[in-house]
Amino acid sequence: MTQKTALFPGSFDPFTSGHEAIVQRALALFDHIVVAVGVNTDKKYMFTSQQRMQKIRDSFPNDSRVEVVEYSDMTVDLCKRVGAHFILRGIRNAKDLEYEQTIAAVNKALAPDIETVLLLADDKHRDISSTLIREQLAHQQKETD
């Protein structure tokens with residue numbers, strides 16, 4: 001029996017409870033989930049890739065079904081390296097859906113054997129975004145300075 005592996009790519013700056021919920025729900029669908037922390041040298045991050053990866057590992061401390069890796073190349077190339085035939089993405093709203101449809105079409109053209117799976121965010125996670133969390137953390141930092 002072939003193991004079903006999904007790749008969950010993102011910058012995860014930071015990894016939120018919404019991201020964690022997507023992984024938890026996806027574990028019912030897939031045997032193995034590789035959470036891929038993207039690194040783009042042109043992008044400025046609040047947290048280092050090592051900090052982002054550690055936060056994800058801390059969220060799944062004893063679950064061997066969840067693996068965390070860093071990557072800086074094409075998502076479909078990483079899928080091939082880790083044996084993932086699925087790309088997992090979370091959707092909070094119509095804007096996310098439109099964006100993810102475009103990315104899924106590009107990935108499908110590059111790698112027809114890799115399928116994108118979209119999971120709708122739970123109601124309690126719909127308003128959570130890494131951008132919002134970064135803004136809150138920056139505000140808190142200013143208050144303590």
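Start by displaying the aromatic side chains, where the count comes to four aromatic pairs, a pair being two rings of Phe, Tyr or Trp (its six-membered ring) with centres within 6.5 Å, called stacked if the planes are under 30 degrees apart, edge-to-face if over 60 and tilted for the rest. Select Phe 12 and Phe 15, whose ring centres lie 5.5 Å apart with the planes at 65 degrees, so this pair is edge-to-face. The model is a predicted one, in which local features need pLDDT of at least 70 and side-chain atom pairs count only at pLDDT 80 or more, while totals for chains, interfaces and linings use all residues. Residues are numbered from 1 along each chain as its sequence is written, and side-chain values use heavy atoms, with hydrogens and water left out.

Keep Phe 15 selected and add Phe 60: these two rings form an edge-to-face pair, 6.3 Å centre to centre with 70 degrees between the planes. This pair links distant parts of the chain, 45 residues apart, with Phe 15 in the loop between strand 1 and helix 1 and Phe 60 in the loop between helix 2 (49-59) and strand 3 (66-71); helices (H or I, at least four residues) and strands (E, at least two) are DSSP runs numbered from the N terminus. Phe 60 is buried at 7% relative accessible area, where buried means under 20%, exposed over 50% and partly exposed in between (1.4 Å probe, protein chains only). Adding Phe 8 completes the cluster that ring pairs make of Phe 8, Phe 12, Phe 15 and Phe 60.

Next, turn to the backbone, where Phe 12 has a positive phi near 50 degrees and the peptide bond from Asp 13 to Pro 14 is cis, with omega near 5 degrees.
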